[in-house]
Amino acid sequence: MSKLANKVALVTGGSRGIGAATVKRLAADGANVAFTYAKDASAASAVVKAIELGGGKAIAIQADAANVGAVKAAVEKTVATFGRLDVLVNNAGTAIPKSFEEATQEEIDRVIDINVRGVLATTQAALKHLGDGGRIINIGSCVGERAAAPGLVPYAATKGAVKMFTQALSREVGGRGITVNNVQPGPIDTDLNPASGDWAVPQKAATALDRYGRVEEIAAMVAFIAGPESSYITGANLTVDGGMNA
Ligand code: NDP
């Protein structure tokens, strides 16, 4: 039987990049999957179609992670559609590609609202529905633990917050059989961090494997944490970075 048969997952920011790979992987492992997106409805519907072609079930929900009302509604829509919620993947995230002193207050607020406020709000809404065996999986970053390069100051601050949110929450919900973990990717080839261009050169060089990662390599870790074999892992920071933080 598929590892995630009869399970329902919600992935934030699932229309492209790491989120889309995660949605596809969880569906391939047998879960019914809801996912949010902010802007690109056609990318979202392409992900739904790909899953349906493979015999799975998925729905896309437009919900900006910075909008607390929208993310709460997305959680409720997931449960209304599929009848339950077992796995939350807080993946939606953004960065400011400039130095801290050049970043505007509006840009800093947006990073905090999506990467931290949205994660807390979505998790709080999901906890109303998660039960024994529930999984909260946050997508942090290897720069939430170690600052590899300049240019990521507000982003690294938010991912550090995600790390401590994970650890602290694991202490509160462990008694209910719910695990909380933080997957920390290194440089992964997506629209947010393309493997081509000047900015990619030092990132690739900083990895032990001397390459960017693929979205499927993060989705594989998320699928393991979502599945039954990870039952004794909680409060952990699981770094998948090609050795960038080694
Ligand atoms: P992408 O920019 O490639 O994809 C982001 C996805 O999230 C899209 O589906 C996008 O949908 C959605 N999204 C963006 N903003 C919002 C929002 N405000 N509300 C809801 N959905 C939103 O990002 P990645 O796949 O690269 O990153 C995913 C996560 O992984 C992030 O948390 C990021 O910080 C983290 N990460 C990424 C690394 C990398 O190197 N790529 C490294 C370390 C961590 P739409 O198109 O509709 O906006």
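Reader: Ala, Val, Leu, Ile, Met, Phe, Trp, Tyr, Cys and Pro count as nonpolar, Asp, Glu, Lys and Arg as charged, and the others, Gly among them, as polar. By class, what does the shell around the ligand have?
Author: The shell has 13 nonpolar, 13 polar and five charged residues. This is a predicted model, where local features need pLDDT of at least 70, side-chain atom pairs need 80 or more, and totals for chains, interfaces and linings use all residues. Residues are numbered from 1 along each chain as its sequence is written.

Reader: Ok, which ones are closest to the ligand?
Author: Of the 31 residues surrounding the ligand (C-beta, placed from the backbone, within 6 Å of it), the closest are Gly 13, Gly 17, Ala 65, Gly 93 and Thr 190.

Reader: And which element gives the most to that shell?
Author: That's α1, with three residues. Helices (H or I, at least four residues) and strands (E, at least two) are DSSP runs, numbered from the N terminus. Both α1 (17-28) and β2 (32-37) supply at least two shell residues.

Reader: Switching to Ala 92: buried or exposed?
Author: Ala 92 is buried because it has 26 C-beta neighbours inside 10 Å; the cut-off is 20 or more other C-beta atoms within 10 Å, with 12 or fewer for exposed and partly exposed in between, all placed from the backbone. Ala 92 sits in the loop between β4 (87-90) and α4 (105-127).

Reader: What does Ala 92 touch?
Author: Leaving out residues up to four places away in sequence, its contacts (C-beta atoms, placed from the backbone, within 7 Å) include Thr 12, Gly 13, Ala 65 and Ile 114.

Reader: How about Val 222, what does that touch?
Author: With the four-place sequence neighbours left out again, Val 222 touches Thr 22, Val 89, Ile 137 and Val 183.

Technical notes: Two residues are in contact if their C-beta atoms, placed from the backbone, lie within 7 Å.
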